[in-house]
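Please open the model in your viewer and keep the selection panel at hand. The stops below proceed from one selection to the next.

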Amino acid sequence: YISKKGTCYYKDGTLIGTSLPLHKAAKRMRDYTGATFEEIVRMLSTVPAKVLGKKNKGELRTGKDADIVVVDGKFNVYATLVAGKIVFKK
């Protein structure tokens with residue numbers, strides 16, 4: 001595939017999707033649609049977990065996996081936790 005400015009294409013030019021990091025995609029969603037921070041967080045967490053049938057993902061609750069990305073209101077990433085353990089910290 002070929003990646004140009006965050007967009008992926010097959011070599012024949014067919015659009016595949018995006019290669020943007022999720023926090024940058026979230027910023028674009030906000031900028032292009034005016035969706036609220038809360039709406040975008042649901043789009044990136046609860047909704048995909050439900051669509052994929054992942055019952056231990058998508059929410060911060062007892063018994064869930066505790067996969068968390070700590071961001072500010074502009075989707076700048078400060079930390080990432082997987083299973084409750086810090087795997088990235090700015």
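Begin by selecting Lys 57 and Asp 67 in this predicted model. The two residues form a salt bridge, and their closest N and O atoms are 2.4 Å apart. Both Lys 57 and Asp 67 lie in the loop between helix 3 and strand 4, so the pair ties together parts that are ten residues apart in sequence. Lys 57 is partly exposed, at a relative accessible area of 34%, and Asp 67 is likewise partly exposed, at 36%.

Remain in this loop and select Glu 59 together with Arg 61. A salt bridge joins Glu 59 to Arg 61, with 3.1 Å between the closest N and O atoms. Glu 59 counts as partly exposed at 32% relative accessibility, whereas Arg 61 is exposed at 56%. Now add Asp 65 to the earlier selection: Lys 57, Asp 65 and Asp 67 belong to one network, joined by salt bridges that share partners.

How many salt bridges does the structure hold? The count is five. Another of them is found by selecting Arg 30 and Asp 31, whose closest N and O atoms are 3.0 Å apart. Arg 30 is partly exposed, with a relative accessible area of 27%, while Asp 31 is exposed, with 53%.

Next, display the largest pocket, which has a volume of about 710 Å³. Of its 29 lining residues, those closest to the centre are Leu 44, Ser 45, Asp 67, Ile 68 and Val 69. Asp 67 thus appears both here and in the salt bridge with Lys 57. To follow the lining by element, colour helix 1, helix 2, helix 3 (46-51), strand 4 (68-71) and strand 5 (77-82), each of which gives two or more residues to it. Which element gives the most to the lining of the largest pocket? Strand 5 does, with four residues. Coloured by residue class, the lining divides into 17 nonpolar, six polar and six charged residues.

Finally, keep Leu 44 selected. This residue is found in helix 2 and is partly exposed, with a relative accessible area of 35%. Add Leu 22, Met 29 and Met 43: with Leu 44 they form a nonpolar patch on the surface, having about 330 Å² of accessible area together. Helix 1 (22-33) and helix 2 (37-44) are the elements that give two or more residues to this patch. Leu 44 therefore clears the patch cut-off of over 30% relative accessible area, at its value of 35%, and is also listed among the residues closest to the pocket centre.

Methods:
Residues numbered from 1 in each chain as written. Predicted model: local features only at pLDDT ≥ 70, side-chain atom pairs only at ≥ 80, totals over all residues. Heavy atoms only, no water. Patch = residues over 30% accessible without salt bridge, like charges linked within 9 Å, V, L, I, M, F, W, Y side chains within 5 Å. Areas by Shrake-Rupley, 256 points an atom, 1.4 Å probe, with all protein chains shown as cover. Salt bridge = Lys/Arg side-chain N within 4 Å of Asp/Glu carboxyl O. Buried < 20%, exposed > 50% of the residue type's maximum accessible area, 1.4 Å probe, protein only. 1 Å grid on protein atoms, 1.4 Å probe; cavity = no way out; pocket = protein on both sides within 12 Å on 5 of 7 lines; lining within 4 Å. Points joined across faces, edges and corners; volume = space filled by probe spheres on them. Nonpolar A, V, L, I, M, F, W, Y, C, P; charged D, E, K, R; others polar.
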